[in-house]
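Here is a short report for a reader meeting this protein for the first time. Keep the structure in view while reading.

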Amino acid sequence: MRIDTQIAAENTRPLNPGRRQVAQPGRRRTSMTAPKLSSRDKAAKRKKVLITVLAVLIVLAILGVSGYFVKRLIDSKYYFCLKSVKFIPLENACDGTEDCSGGEDESNCVSSLSANTTFPVRLVSRSKVLQVFRPESGWRTVCMEDWSTQHTEMACQQLGYALNPGSSKVDVRNLPSSFRTSFCGVRPGQGAASTIQQSVFDRQSCSSGAVVSLTCSDCGERPAQDRIVGGKDTAIEDWPWQVSLQQNGQHTCGGSLVSPRWVVTAAHCFSGSKKELSRWKVMVGHAYLGYFGGWSVDRIVLNGDYSPRSNDYDIAMMRLSQPVTVGDTSRPVCLPPHGLDLLPDSPLVVTGWGYLEERGKVSSVLQKANNAVRGVREGQVDACQGDSGGPLVYLSSRWQLVGVVSWGHGCARRNRPGVYCNVEEVLNWVYTVMEVNS
């Protein structure tokens, strides 16, 4: 009996008796879950993540900016042949010799055009009277009889810009004597005719005593308010046709919108290695020079009679890849009519971002200066380097492009006024370029 009792007692003992744990007030057992961070630790962790993200963004930005300027540097020196995957010196592009596979370096270049025929439609005098040319009868003034809205649209379309076109009548007695001798009339309706010269027939006189005057667009409009050397800062809303022509992201010349898709500028802007189209952008609608964005171009046409030696016929046209949206900051200037007959002291305005002084630097803000037909012989006011191709405008009922900045001896020198291409003398060429490349 004693033995059984002893075994039972021994079996109730633990094999490894440990020290008995006595619960003590205020003490807890350690949890096996992760410890919770304090507010200070959380803020430090967020700060570390934010710094890391900012550092990565800064590095990426530096790499992006560096890449952009490296690309600009390369683009200013070399042309990349995509098909043959090689670089050639930029001066070898558009030089008449195919250096890339398939001749891609010669396929997107400046071209030239000579107007060897008479453009058959024109506006004459300050009244913008419509005249039509036919080889068998020469220039004839169009009578108002049977003139229709369809005729207005057709004629304006031939002139290259038909936005909100309109017509009005001018009394024959108010015409210059040279325009009162030959007339033509239009046949009612368009019929099969696709041009105005196909729609007219010769007449001895206008029975109504009135001829057609055309307004083909809302060109030349600007708010009624009022560096070029001697100029002052101005707003693009005042001169919304002014554009900046930039090659490889650098302002090179000025230009003037004459339709939503066409820019008039100077031929000498495209000399040397400036003949490859993809290097050019047109900045529209900004008074401050910017170097990002801009409109690409798909045509640059030089006047075929341009002489680099004498700078005769120093005019060119650029066609934008897409038309601009006409608004307060981008609006075409009007082309002048034939026979505008400016007086020597007619008030003119020249605008641009050119040098503020001879051997100076380009202005970052659009400048404007008043000028006159005879030039400013006293000096102090003139166009300068960087203004080439820009507009010289005259205000009649609307602002009209009468000159294109061409060249000069220095800037604003006494008795050395700037020289401009006379737009009226090359209107036949301007209209021909727009028609051929429409």
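Cys143 and Cys206 form a disulfide, with 1.9 Å between their sulfur atoms. This is a predicted model. The torsion about the S-S bond of Cys143 and Cys206 is about -80°, so the disulfide is left-handed. It links distant parts of the chain, 63 residues apart. Cys143 sits in the loop between strand E6 (138-142) and helix H3 (149-158). Cys206 sits in the loop between strand E9 (200-203) and strand E10 (210-215). Cys143 is buried, with a relative accessible area of 0%. Cys206 is buried too, at 10% relative accessibility.

The structure holds six disulfides. Among them are the pairs tabulated here.

| Pair | S to S distance | S-S torsion | Separation in sequence |
|---|---|---|---|
| Cys94 and Cys109 | 2.1 Å | about -85° | 15 residues |
| Cys143 and Cys206 | 1.9 Å | about -80° | 63 residues |
| Cys253 and Cys269 | 2.1 Å | -105° | 16 residues |

The disulfide of Cys94 and Cys109 is left-handed. Both cysteines lie in the loop between strand E2 (86-89) and strand E3 (111-113). Cys94 is buried at 13% relative accessible area, and Cys109 is buried at 18%.

The link of Cys253 and Cys269 is left-handed as well. Cys253 belongs to strand E13 (residues 250-257). Cys269 lies in the loop between strand E14 (262-265) and strand E15 (280-284). Cys253 is buried, with 3% relative accessible area. Cys269 is buried, with 1%.

Why does Cys184 have no bond to the closest cysteine sulfur? That sulfur, in Cys143, is 6.7 Å from the sulfur of Cys184, too far for a bond, because a disulfide needs the two sulfur atoms within 2.5 Å. Cys184 is buried, at 1% relative accessibility. Cys421 is another buried cysteine, with a relative accessible area of 9%.

Now the whole protein. It has five helices and 22 strands. Buried residues make up 43% of its 438 residues. The protein exposes about 24,400 Å², and carbon and sulfur atoms supply 51% of that area.

One nonpolar surface patch has about 1,000 Å² of accessible area. Its members include Val49, Leu54, Val56, Ile58 and Leu63. Val56 lies in helix H2 (residues 39-77). Val56 is partly exposed, at 44% relative accessibility.

Is Glu425 buried or exposed? Glu425 counts as exposed, because its relative accessibility is 60%. Glu425 lies in the loop between strand E22 (419-422) and helix H5 (427-436). Glu425 and Gly403 are 22 residues apart in sequence, and their C-alpha atoms are 9.9 Å apart in space.

Methods:
Residues are numbered from 1 along each chain as its sequence is written. This is a predicted model: local features need pLDDT of at least 70, side-chain atom pairs count only at pLDDT 80 or more; totals for chains, interfaces and linings use all residues. Side-chain values use heavy atoms; hydrogens and water are left out. Helices (H or I, at least four residues) and strands (E, at least two) are DSSP runs, numbered from the N terminus. Buried means under 20% relative accessible area, exposed over 50%, partly exposed in between (1.4 Å probe, protein chains only). Accessible areas come from the Shrake-Rupley method with a 1.4 Å probe; for residues, only the protein chains shown count as cover. Patches are made of residues with over 30% relative accessible area and no salt bridge: like charges are joined within 9 Å, nonpolar side chains (Val, Leu, Ile, Met, Phe, Trp, Tyr) within 5 Å. A salt bridge is a side-chain nitrogen of Lys or Arg within 4 Å of a carboxyl oxygen of Asp or Glu.
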